[in-house]
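This report describes the fold, the charged and aromatic contacts, and selected local features of one protein chain. The sequence and the structure are shown first.

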Amino acid sequence: MAVRAAEIGIRAASALVLAPAAVLGIWAGGVWFLGLMMAACGLLAVEWAMMSARHAWRVMAGAVAFGLFAAMIAAHIEQLSLSLVMLVFCAAAAGLFARSRGQEALDASYGVLYLGWPAVLLIWLRDGSTDVGLYWTVFAFVIAWSSDIMAYLVGSTVGGPKLWPRFSPNKTWSGFIGGLAAGMVAGALMATFFDMGLGMVWGAGLGLATAIATMAGDLWESALKRRYGVKDAGNLIPGHGGLLDRVDGLMFAAVVVACGRLIMLLAERAG
């Protein structure tokens, strides 16, 4: 119990250090949010490279980071379609470059797409400096964080049957259910108190879908780490491992929230 309490304390301290930077970047929007995203993606590219190409990680990191930066800049200047197309071409280019250096082309290409889609969609969600963009971005972060934290706390406290023991032996069904409940409650509250165009019921529904995506992202990264034979994606954050270990759920959550906003925009135009 003392070891578990110490681990929770380390995680909480790390969150207190990182959360203010994320909050300030999200709040400021514009070039500040772009800068936050580029810094994060630079670190993620390095972690991906060190996980998937440990003997030539600099080559892999450079190839992946270049594709991510190009796509994010296009998204920042409100060229979302161009940004998504660039992701595909940059993924292919990163793969060809990695292959020319004796590395796995698929790992480089997948790294660009895996890290790039959520990064581009988060920049699109933030939508410059508008309040609506701020609310939707905060929604993605709040649901991902609340469901992740509650899943960890409930799973650590209640325990019970394992969710996917082959790839993630520490995750339990109790934690999974706790995370989903937290996502629903957080989504309903966000939709009630912020002008996002969602009612409480739709907010809870989107919160549930986002929480499911958060859990899926966590499990998917666990499977990737098992594939590459590593325990953590890195050691940047005490108590959490690498940055990828911290944002794996957020990456999947951002895609679901972006889809939710797109549906809202299409409904508004149709109406």
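Of the 271 residues of the protein, 47% count as buried in this predicted model. The protein contains nine helices and two strands, arranged along the sequence in the pattern α-α-α-α-α-α-β-β-α-α-α.

**Helix α9**

Helix α9 comprises 28 residues, 243-270. From the first C-alpha to the last it reaches 40 Å, close to the 40 Å expected at 1.5 Å a residue. Helix α9 nevertheless has a kink of about 30 degrees, which is centred on Gly249.

**Salt bridges**

The count of salt bridges in the protein comes to six. Three of them are set out below.

| Salt bridge | Closest N and O atoms |
|---|---|
| Asp107 and Arg227 | 3.5 Å |
| Arg246 and Asp148 | 1.9 Å |
| Asp245 and Lys225 | 2.9 Å |

The salt bridge between Asp107 and Arg227 joins helix α5 to helix α8 (residues 200-228), so it ties together parts that are 120 residues apart in sequence. Asp107 is buried, with a relative accessible area of 8%, whereas Arg227 is exposed at 55% relative accessibility.

Helix α9 takes part in the other two bridges of the table through Arg246 and Asp245. Arg246 of helix α9 is paired with Asp148 of helix α6, and the pair therefore ties together parts 98 residues apart in sequence. The relative accessible area of Arg246 is 19%, and the residue is buried; the cut-off for this class is under 20%.

Asp245 of helix α9 is linked to Lys225 of helix α8, 20 residues away in the sequence. Asp245 is buried at a relative accessible area of 12%, and Lys225 is buried at 11%. These two residues also belong to a network of salt bridges that includes Glu221.

**Aromatic pairs**

How many aromatic pairs does the protein have? The count comes to eight. One of them is formed by Trp48 and Tyr114, whose ring centres are 5.8 Å apart with 50 degrees between the planes, a tilted arrangement. The pair links distant parts of the chain: Trp48 is in helix α2 (residues 30-52) and Tyr114 is in helix α5 (residues 105-126), 66 residues apart. Trp48 is buried at 0% relative accessibility, and Tyr114 is buried with a relative accessible area of 5%.

Why is the pair of Tyr110 and Tyr114 stacked? The ring centres of Tyr110 and Tyr114 lie 5.3 Å apart and the planes are at 10 degrees, so the pair is stacked; planes under 30 degrees apart fall in this class. Tyr110 and Tyr114 are four residues apart in helix α5, a separation of about one helical turn. An α-helix has 3.6 residues a turn, so residues three or four places apart point the same way. Tyr110 is partly exposed, with a relative accessible area of 28%. Ring pairs also bring in Tyr228, and Trp48, Tyr110, Tyr114 and Tyr228 are thereby linked into a cluster.

**Helix α6 and the nonpolar patch**

Val23, Trp145, Ile149, Met150 and Leu153 make a nonpolar surface patch of about 410 Å². Helix α6 (residues 131-158) supplies the largest share of this patch, with four residues. Met150 is in helix α6 and is partly exposed, with a relative accessible area of 35%.

Trp136 also has its place in helix α6. Is Trp136 buried or exposed? Trp136 is buried, its relative accessible area being 2%. Trp136 and Ala258 are 122 residues apart in sequence, while their C-alpha atoms are 8.3 Å apart in space.

**A positive phi in a loop**

Most residues other than glycine have a negative phi. Glu78 has a phi near 65 degrees, a positive value in a residue other than glycine. Glu78 lies in the loop between α3 (57-76) and α4 (80-100) and counts as exposed, at 63% relative accessibility.

Conventions:
Residues numbered from 1 in each chain as written. Predicted model: local features only at pLDDT ≥ 70, side-chain atom pairs only at ≥ 80, totals over all residues. Heavy atoms only, no water. Expected span 1.5 Å × (residues − 1). Bend = angle between axes of the 7 residues up to and from the residue. Patch = residues over 30% accessible without salt bridge, like charges linked within 9 Å, V, L, I, M, F, W, Y side chains within 5 Å. Areas by Shrake-Rupley, 256 points an atom, 1.4 Å probe, with all protein chains shown as cover. Salt bridge = Lys/Arg side-chain N within 4 Å of Asp/Glu carboxyl O. Buried < 20%, exposed > 50% of the residue type's maximum accessible area, 1.4 Å probe, protein only. Phe/Tyr/Trp six-rings, centres within 6.5 Å; stacked < 30°, edge-to-face > 60°.
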